[in-house]
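Welcome, and please open the model in your viewer. We will walk through it one selection at a time.

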Amino acid sequence: MIYAALGLALVALGLLWRWPVLNLPPVVAKYGGSVLWGVLVYVCVRVALPNVAIRIVVVLAAVFAAFVEFSQLLHWPPLDTFRNSTFGALLLGRVFSWWDIVSYWIGIAVMGALDCWGRWPEKEG
């Protein structure tokens, strides 16, 4: 339940992060949002697989995040139509970027480290 609540908070924070009223510098708004998306991917994998080792969750989240980014290189009309919607752009993005993958992986690594630190007494890896 904690991860599910965290996931909802991350969605709200991610939407707020890119809100133009905050007037964040473009690089911070763009890549900070991507880091948050990576954290959200980690949390979603953790919700789906609560009893799996943290290192496996990190790897699965990293592969999934990279897959979503690489899928932006695939242009199929129904998929492009979905990506052109607000929800589609938020979920899948529109333009491929290696920097986005790096940002996702940073978020995933940070969340994995925090998760590991939070479970340290259990000695889970």
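What span should the 16 residues of helix H1 have at 1.5 Å a residue, and how far apart are its end C-alpha atoms? Select residues 2-17 and check: the expected span is 22 Å and the end C-alpha atoms are 22 Å apart, so the two agree. Keep in mind along the way that this is a predicted model.

**Stop 1: the two sides of H1**

Stay with H1 and colour Tyr 3, Gly 7 and Leu 10, which are buried. Now turn the view until you look down the axis of the helix. The buried residues fall within an arc of 60°, so they line one face of H1. On the other side, pick out Ile 2 and Leu 8, which are exposed.

What do the buried residues of H1 pack against? Show helix H2 (26-48) and H6 to see their partners.

**Stop 2: Leu 36 in H2**

Next, select Leu 36, which lies in helix H2. Is Leu 36 buried or exposed? Its relative accessibility is 15%, and because buried means under 20%, Leu 36 counts as buried.

Ask your viewer for its surroundings, skipping the neighbours within four places in sequence. Leu 36 is then in contact with Leu 10, Leu 13, Gly 14 and Trp 17. Leu 10 is one you have already coloured, as one of the buried residues of H1.

For a distance to try yourself, draw a line from the C-alpha of Leu 36 to that of Ile 54: the two are 18 Å apart in space and 18 residues apart in sequence.

**Stop 3: the loop before H2**

Step back to Asn 23, in the loop between H1 and H2. Look at its backbone: Asn 23 has a positive phi of about 55°, although it is not a glycine. With a relative accessibility of 65%, Asn 23 counts as exposed.

**Stop 4: the salt bridges**

Side chains of opposite charge can pair when their charged atoms come close. How many salt bridges are there in this model? The count comes to three, and we can visit each one.

Begin with Lys 30 and Asp 100, whose closest N and O atoms are 2.6 Å apart. Lys 30 lies in helix H2 and Asp 100 in helix H6, so this pair ties together parts that are 70 residues apart in sequence. The two partners differ in cover: Lys 30 is partly exposed, with a relative accessible area of 32%, whereas Asp 100 is buried, at 3%.

Then select Asp 115 and Arg 46, whose side chains meet in a salt bridge at 3.2 Å, N to O. Here Asp 115 lies in helix H6 and Arg 46 in helix H2, so the pair ties together parts that are 69 residues apart in sequence. Asp 115 and Arg 46 are both buried.

Finish with Arg 83 and Asp 80, where the closest N and O atoms are 3.5 Å apart. Both lie in helix H4 (residues 77-83), three residues apart, which is about one turn of the helix. In an α-helix there are 3.6 residues a turn, so residues three or four places apart point the same way. Arg 83 counts as buried, at 3% relative accessibility, while Asp 80 is partly exposed, with a relative accessible area of 21%.

**Stop 5: helix H3**

Select residues 54-70, the 17 residues of helix H3. From its first C-alpha to its last, H3 reaches 24 Å, close to the 24 Å expected at 1.5 Å a residue.

Which residues of H3 are buried? They are Ile 54, Val 57, Ala 61, Ala 62, Ala 65, Ala 66, Val 68 and Glu 69. These cover an arc of only 155° around the axis, which puts them on the same side of H3. Rotate to the other side to find Arg 55, Val 63 and Phe 67, which are exposed. Add H2, helix H5 (86-92) and H6 to your view, since the buried residues of H3 pack against them.

**Stop 6: a nonpolar patch**

For the last stop, switch on the surface and select Trp 99, Val 102, Ile 106, Val 110, Leu 114 and Trp 117. Together they form a nonpolar patch with about 680 Å² of accessible area. Zoom in on Trp 99, which lies in helix H6 (residues 98-118). Its relative accessible area is 59%, and Trp 99 is exposed.

Definitions and conventions: Residues are numbered from 1 along each chain as its sequence is written. This is a predicted model: local features need pLDDT of at least 70, side-chain atom pairs count only at pLDDT 80 or more; totals for chains, interfaces and linings use all residues. Side-chain values use heavy atoms; hydrogens and water are left out. Patches are made of residues with over 30% relative accessible area and no salt bridge: like charges are joined within 9 Å, nonpolar side chains (Val, Leu, Ile, Met, Phe, Trp, Tyr) within 5 Å. Accessible areas come from the Shrake-Rupley method with a 1.4 Å probe; for residues, only the protein chains shown count as cover. A salt bridge is a side-chain nitrogen of Lys or Arg within 4 Å of a carboxyl oxygen of Asp or Glu. Helices (H or I, at least four residues) and strands (E, at least two) are DSSP runs, numbered from the N terminus. Buried means under 20% relative accessible area, exposed over 50%, partly exposed in between (1.4 Å probe, protein chains only). The expected span of a helix is 1.5 Å times one less than its number of residues. The arc is that of the directions from the helix axis to the C-beta atoms. Contact means heavy atoms within 4.5 Å.
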